[in-house]
Amino acid sequence: MPKIKLNLITGRTIQQGVSMEGGKEKPAYTAACGIIELDPEDFKKLGVYRNTNVRVTSEYGSVVVKAVDATQGPHPGLGWIPMGPWANMVVNPNTYSTGMPTFKGTPVEVEEAKGEPIWDSLTLVTKACRGEL
Amino acid sequence: MAKLVTDVVCPFCGTLCDDLEVGVSDDGTKILEVYNACAIGAEKFLHSQAKDRVTRPRMKQEDGSWKEISYDEAVEYTATTLAAARKPLMYGWSSTNCEAQAIGTEIGEMVGAVMDNTATVCHGTTLIAVQDVGVPSCTLGEILNRADRIVFWGCNPAHAHPRHMSRYSIFPRGFFTGKGAKGRKMVVVDPRVTDTAKTADIHLQVEQGRDYELLTALRVAFKGEWLPDTVAGIPKKTIYEVADIMKSGRFGIIFFGMGVTQSLSKNHNIDQAICVTRDLNEYTKWNIMPMRGHYNVTGSGEVWGWLHGFPFALDLSRGFARYNPGDTTSNDLLVRDEVDAVFVIGSDPGAHFPNSSVKKIWDLPSICIDPHLTPTTAVCKLHVPVAFVGVETGGCAYRMDNVPIECRKVVDPPEGMLTDLEFLERVTARVRELKGA
């Protein structure tokens, strides 16, 4: 099973903003933020179809999200997870004495996650806190 | 026939649009329509009307279920938890009004808390840089009326501040900017081809995390000095071209966002961006402005600024104000186990802090004041729902350019619900009794 290495960045999208205000417990929030936007080139390397569940792993954690086409690309080599609990499972929490975790520029590995579910935000955070992930 | 409430202020982002019109039912209890707002702002107003909204405080039980409690019990739990803690963290403060921020700070003073706002994961590094090198800035009105050179660096207003470009920066026709967008040159610096970048005259697709190099290269280019063939993935020809565009304007502005504040060089990126602005003022008039996220994160910095002299990471645990980012900032305190209770208001660290910090909140006595259900309410022990500021109660908020704007109340909150301010006033009174202050 191929694995690809990417540089992960996070941030706001309008869908993230709208679904966040609509309720973070709702499926729309998971659909907006439980995703990773990949460049078509990276999709080829990974060898999976669009809308496949993938596992994103960094030195700091791991999370299952849905791989979708980049909406604001091309950006080969760069992965994008909208800001939210899914991204925060894997970002670099080191602040290097500034108070600011390093949300942008985390090296990650992406691989297919057959049969693994994408949790909604409340379940994801609760399971992570209980150590059930 | 619905009533129309005009000149409503949108409580979502730092643009703080003040031209919304909201249609309410004749009896004034229900919001029917929202006009002029962006998709996010409209959703915020409409979601306040949700049928499944939580309207009473809830306490988490041993088995993980929730039990409804009264506001009196919630006040008691909050006050006793804060009063008993040696060093509580009081975090958030960005989605509430300045009145609530001021009274909350009084609680912080009494219990010796560390007060921190969402700037800690947003523009905190900007505030550090501003303290390092100063900041030449202006108001959004000046940009509307004067600016003919606009740079968006590491920010994506098309998604994060959806009406910013149409109200102030790119499209409107102002006093000296009668041609609107045609008279303005727009440069976007972003590692992705964002929807903002797609509308720009020039897009510099910088290598992620190389903003510092590109900013210094611009400073070299202003002086016409030698540059290597490419800097941060941008050919030198383009850098010289952008430098000329910037120097040739009458009034320019750099807006910047999380692309620079959250990348590895952090405050050093902003230092350099401010130095670029300072250099440009040798040739023409330039300004720089952070694109603040929450509608009143600027306000919490202002309130703490005039109360204690520091805009975030305010440590009152020793009885006087200390400020030391990296030491008194939320994420550092949480991962180092330096706080023994967490109080969250008007923010969602459960969703927006790295998971290592969220796990610490889970283990501590914790209180979350939030109208929504969020990952933070899921990890906290007590959830206190309150009225939406800017929808169900008014109050003062500061726009991203430090202009204070009074929010309007549009409808009443559901019966029996308290506002942030009312709840905090009751907690203050109880903490005062407990502390004998």
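# A guided tour of chains A and B

Begin by selecting residues 395-398 of chain B, which form strand E20, together with residues 404-407 of chain B, which form strand E21: the two run antiparallel and are joined by four bridges. Here two strands count as paired if DSSP finds at least two bridges between them. Helices (H or I, at least four residues) and strands (E, at least two) are DSSP runs, numbered from the N terminus.

The model is predicted: local features need pLDDT of at least 70 and side-chain atom pairs count only at pLDDT 80 or more, whereas totals for chains, interfaces and linings use all residues. Residues are numbered from 1 along each chain as its sequence is written, while chains are lettered from A and ligands numbered from 1 in the order in which they are written.

**The hairpin and the loop after it**

Within the hairpin, select B:Tyr398, which stands opposite B:Pro404 in E21(B). Five residues lie between the strands of this hairpin, and B:Asn402 adopts a positive phi near 70°.

Next, select B:Gly416, in the loop that lies between E21 and helix H17 (420-435) of chain B. Is B:Gly416 buried or exposed? A residue is buried if 20 or more other C-beta atoms lie within 10 Å of its own, exposed if 12 or fewer, and partly exposed in between, with C-beta atoms placed from the backbone. B:Gly416 counts as exposed because it has 9 C-beta neighbours inside 10 Å. A distance of 9.9 Å separates the C-alpha atoms of B:Gly416 and B:Val386, which are 30 residues apart along the chain.

**The three-stranded sheet of chain B**

Turn now to an open sheet in chain B, whose three strands have the order E1-E2-E3 and pair in the antiparallel sense. Strand E1 (3-8) and strand E3 (31-35) of chain B stand at the edges with a single partner strand each, so one side of each has no neighbour in the sheet. On average, neighbouring strands of this sheet are turned by 20° against each other, direction ignored. Strand E2 (residues 20-24) of chain B is paired with E3(B) over four bridges, antiparallel; select B:Val24 to see that B:Ile31 in E3(B) stands opposite.

Add helix H1 (residues 39-47) of chain B, which packs on the sheet, touching E2 and E3 of chain B, and whose direction makes about 170° with that of E3(B). For such angles, axes are lines fitted to C-alpha atoms, for helices over the stretch in contact, and values run from 0 to 180 degrees between N-to-C directions. H1(B) is mostly covered, with seven of its nine residues buried; among them are B:Ile40, B:Ala42 and B:Phe45. Their cover includes H1 of chain A as well as E2 and E3 of chain B.

**Chain A**

Select chain A as a whole. Its secondary structure comprises four helices and six strands, which follow one another from the N terminus as β-α-α-β-α-β-β-β-β-α. The radius of gyration of chain A, taken over C-alpha atoms, is 14 Å, close to the 14 Å that the globule rule gives for 133 residues, so chain A is as compact as a globular protein of that length. That rule is 2.2 Å times the number of residues to the power 0.38. The C-alpha trace of chain A spans about 35 × 35 × 30 Å along its principal axes, and 52% of the 133 residues are buried.

Strand E6 (residues 106-112) of chain A pairs with E1(A) over five antiparallel bridges, and A:Lys5 stands opposite A:Glu109 in E6(A). E6(A) is also joined, by four bridges, to strand E3 (residues 52-58) of chain A, again antiparallel; here A:Val56 stands opposite A:Val110.

**Where the chains touch**

How many residues does each chain bring to the contact? Chain A gives 43 residues and chain B gives 54 residues, where two residues are in contact if their C-beta atoms, placed from the backbone, lie within 7 Å. On the side of chain A, strand E1 (4-11), helix H1 (14-22), strand E5 (78-82) and helix H4 (121-130) give two or more residues. H4(A) supplies the largest share, six residues.

**The nonpolar core**

Finish with the largest nonpolar core, a set of buried Ala, Val, Leu, Ile, Met, Phe, Trp, Tyr and Cys residues joined through C-beta atoms within 7 Å. Among its 172 residues, A:Ile36, B:Leu214 and B:Ala273 touch the most other members. Helix H8 (residues 211-222) of chain B contributes the most to this core, six residues. Leaving aside neighbours within four places in sequence, B:Ala273 has contacts that include B:Trp153, B:Leu215 and B:Ile288.
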